[in-house]
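Subject: Structure for you to look at

Dear colleague,

I am passing on the structure below, together with some notes on its pockets and its sheet. Please read them with the structure open beside you.

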Amino acid sequence: MSASQFPQNIILEDEMVLLRPLQATDIENLLDISINEPETWEYSLVRANGKENLENYIQIALKARENQTEFPFIVQDKKTGKYAGSTRFYDINMGFKTLQLGYTWYGKDFRGTGLNKHCKYLLLQFAFETLGMERVEFRADNNNQRSIAAMKSIGCKVEGVMRNHMPTADSDVRRDSIVLSILKNEWFNEVKENLKSKL
């Protein structure tokens with residue numbers, strides 16, 4: 001499967017969550033979080049706080065999908081029927097059988113509810129079992145302890161820290177990025193069952 005064969009209409013769901021392709025019209029579905037919870041993007045280089053930034057965020061994501069380098073999803077909480085946030089596959093390299101999983105954010109009402117673990121289970125299952133990936137990588141600002149703890153809790157292994165890796169949104173200080181990953185054999189040998197037991 002080459003990059004050009006990456007599925008164009010992925011819908012993933014279980015009893016708790018639905019992930020479907022992000023669309024331009026989803027600005028209305030995410031606007032409430034965008035306007036009222038600006039802290040959601042504290043560690044993001046591209047922020048979606050406020051309507052204009054959210055429009056820009058979605059347009060960048062959709063352009064990347066057109067270029068087949070990313071696949072952004074909107075996340076819906078099926079219990080409430082509300083839209084919870086967004087996540088995506090990015091740096092997709094079908095030849096190397098690798099991709100990154102990130103750009104993940106949820107409104108505060110959906111954090112700590114188990115929703116993230118359901119999302120990650122569906123996304124990892126799709127990456128390893130449908131796409132045949134050998135490695136799924138995760139990155140975060142090394143100061144973002146909540147995000148790092150969430151990645152470790154689903155079974156990611158820390159590989160190291162890239163020092164002075166990238167700029168930050170509001171200052172001249174550059175960020176260190178922590179790199180974590182899950183490998184295909186780890187998914188089948190332990191991570192899948194461990195994560196499933198936490199759902």
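A residue counts as lining a pocket if it has an atom within 4 Å of one of the pocket's grid points, and strands such as β5 are DSSP runs of at least two residues. Please keep in mind throughout that this is a predicted model.

With that meaning of lining, β5 supplies seven residues to the largest pocket, which is the largest share of its lining. At least two lining residues each also come from other elements, among them β4 (83-93), α3 (115-130), β6 (135-141), α4 (145-153) and β7 (157-166). The volume of this pocket is about 1,200 Å³, and of the 47 residues around it, Tyr 103, Thr 104, Arg 139, Asn 144 and Ser 147 lie nearest its centre. By class, the lining comprises 20 nonpolar, 15 polar and 12 charged residues.

The second largest pocket has a volume of about 160 Å³, and helix α1 (residues 27-36) gives the largest share of its lining, namely five residues. Its lining includes Glu 28, Asp 32, Lys 82 and Phe 110, and it divides into four nonpolar, two polar and five charged residues.

As for the sheet, eight strands form an open arrangement with mixed pairing, in the order β1-β2-β3-β4-β5-β6-β8-β7, and the edge strands, β1 (12-13) and β7, each pair on one side only. Helix α3 packs on this sheet, with its direction at about 160° to that of β5, while α4 lies across β6, β7 and β8 and runs at about 160° to β6. Strands β6 and β8 (residues 175-183) pair in the antiparallel sense over seven bridges, and Ala 140 has Ile 178 in β8 as its bridge partner.

With best wishes

Notes:
Residues numbered from 1 in each chain as written. Predicted model: local features only at pLDDT ≥ 70, side-chain atom pairs only at ≥ 80, totals over all residues. Heavy atoms only, no water. 1 Å grid on protein atoms, 1.4 Å probe; cavity = no way out; pocket = protein on both sides within 12 Å on 5 of 7 lines; lining within 4 Å. Points joined across faces, edges and corners; volume = space filled by probe spheres on them. Helix = DSSP H or I, 4+ residues; strand = E, 2+ residues; numbered from the N terminus. Nonpolar A, V, L, I, M, F, W, Y, C, P; charged D, E, K, R; others polar. Pairing = 2+ DSSP bridges. Contact = heavy atoms within 4.5 Å. Axes fitted to C-alpha atoms, helices over the stretch in contact; angles between N-to-C directions.
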